[in-house]
Amino acid sequence: MQDKNNADNGPKQLPIRLYTHNIRYATAHLFKNELPWPKRAPLIIRSIRFHSLHNPESLICLQEVLHSQLLDIREGLGPEWAHVGVGRDDGEKAGEYSPILFRRCVWAIQGSQTIWLSPTPEKPSKGWDATNKRILTSVLLRHRETGQSVLALNTHLDDQGKQSRLESAKIIVAHIVTQQEQYRSSQQQRQQQQEPLCKLPIFLAGDFNSKPDEEAYLFLATESSPVLDLRTDVGKLDQYGHENTFTGFEGRPVDQKRIDFLFLSKDCWHVQGYGVLETKFEDGVYSSDHRPVVGDVALPL
């Protein structure tokens with residue numbers, strides 16, 4: 001990956017590794033081949049540590065994270081890491097988080113919010129045919145060294161409600177458009193239109209519970225959408241690993257599907273690589289029923 005310090009005198013870029021993973025919530029009601037969280041936790045933590053080791057700018061998005069799991073992960077990653085996100089049930093610590101983790105010495109928080117994916121997005125609530133409350137975690141980050149802003153979004157759509165998934169995608173797109181407009185307005189005020197305006201780089205990560213031919217994905221991937229699927233913007237030579245992101249704990253081909261995605265705002269990012277990582281090795285232990293999805297991207301400076 002190209003160094004942001006531009007040692008080769010090429011165009012300056014800010015390389016960022018994006019990493020998203022549904023880690024499977026800690027439950028006492030285990031599926032076949034599923035081990036308890038204390039057995040899986042070290043595998044989740046090691047994967048994050050290894051895959052963010054050589055890119056300090058790495059941004060980590062997780063789903064199905066209970067408060068106790070978040071504490072375990074934060075402890076395993078160390079004090080250099082911070083997070084944004086709340087429990088979906090009460091806006092505090094109850095229920096699953098969709099947290100965004102980052103190194104505090106690399107990124108500063110400019111603003112953050114949690115949006116409930118329902119007709120009442122400002123408070124803990126469930127919408128349409130969803131079986132659970134669903135949220136979008138949104139944080140505007142500023143890269144301390146370069147001043148570059150990035151809007152990071154992380155979500156987990158409902159696994160049962162088709163209408164909920166579609167309506168949730170609409171709320172997410174509306175939020176993206178609003179954030180783009182607000183950023184453009186702030187740029188105009190600061191620069192007084194003396195320089196070309198910079199677009200706000202945005203990425204959206206998560207478990208969408210929607211395959212590429214289903215409602216939420218299709219809405220997010222339309223030509224009029226402000227985002228595109230990162231994988232579609234990279235050639236086969238720069239794609240690594242598996243096709244499917246959900247495996248279950250039995251690894252049956254019939255269960256496998258691609259429902260975890262990284263989306264990028266258009267005309268902002270240089271995509272350098274995409275991968276779907278492994279979650280089971282020689283010991284036969286699944287770290288989760290989902291595989292991590294990784295995108296290597298860069299922003300021109």
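**Figure 1. The residue that follows helix α2 in this predicted model is G78.** Just after α2, G78 adopts a positive phi of about 105°. Helix α2 itself spans residues 67-77, and the next view turns to its side chains.

**Figure 2. Helix α2 has buried residues at Q69, L70, I73 and L77.** Which part of the helix do the buried residues line? Seen down the axis of α2, the buried residues fall within an arc of 100°, so they line one face of the helix. Several elements take part in covering the buried residues of α2. Among them are the helix α1 (37-51) and the strands β2 (59-63), β3 (81-84) and β4 (100-103).

**Figure 3. R103 is a residue of strand β4.** Is R103 buried or exposed? Its relative accessibility is 9%, and because residues under 20% are classed as buried, R103 counts as buried. A polar atom of the R103 side chain lies 3.3 Å from the backbone oxygen of N55. Leaving aside residues up to four places away in sequence, R103 touches S52, L53, N55, P56, S58, E80 and W81. N55 therefore appears both in this list of contacts and in the pair of atoms described above.

**Figure 4. Q179 is located in helix α3, which covers residues 162-191.** The relative accessible area of Q179 is 14%, so this residue is buried, the cut-off being under 20%. Which residues does Q179 touch, not counting those up to four places away in sequence? The contacts of Q179 are Q113, L151 and L200. For orientation within the model, R46 may be taken as a second point: 133 residues separate Q179 and R46 along the chain, and their C-alpha atoms are 34 Å apart.

**Figure 5. The whole structure holds 1 cavity of 30 Å³ or more.** Rolling a probe the size of a water molecule over the atoms shows where empty space is left. How large is the volume of the largest cavity? The volume is about 40 Å³. Its lining is formed by E64, R88, E96, Y97, S98, R134, I135 and H156. Sorted by class, this lining comprises 2 nonpolar, 2 polar and 4 charged residues. The charged residues of the lining are E64, R88, E96 and R134, while Y97 and I135 belong to the nonpolar class and S98 and H156 to the polar class.

Note on methods: Residues are numbered from 1 along each chain as its sequence is written. This is a predicted model: local features need pLDDT of at least 70, side-chain atom pairs count only at pLDDT 80 or more; totals for chains, interfaces and linings use all residues. Side-chain values use heavy atoms; hydrogens and water are left out. On a 1 Å grid over the protein atoms alone, a cavity is a set of points where a 1.4 Å probe fits but cannot get out, and a pocket is an open set with protein on both sides within 12 Å along at least five of seven lines; lining residues have an atom within 4 Å of a point. Grid points are joined across faces, edges and corners, and a volume is the space filled by probe spheres set on the points. Buried means under 20% relative accessible area, exposed over 50%, partly exposed in between (1.4 Å probe, protein chains only). Helices (H or I, at least four residues) and strands (E, at least two) are DSSP runs, numbered from the N terminus. The arc is that of the directions from the helix axis to the C-beta atoms. Contact means heavy atoms within 4.5 Å. A polar contact is a pair of N or O atoms within 3.5 Å; within protein, one must be able to donate a hydrogen and the other to accept it, and residues adjacent in sequence count only if both atoms are side-chain atoms.
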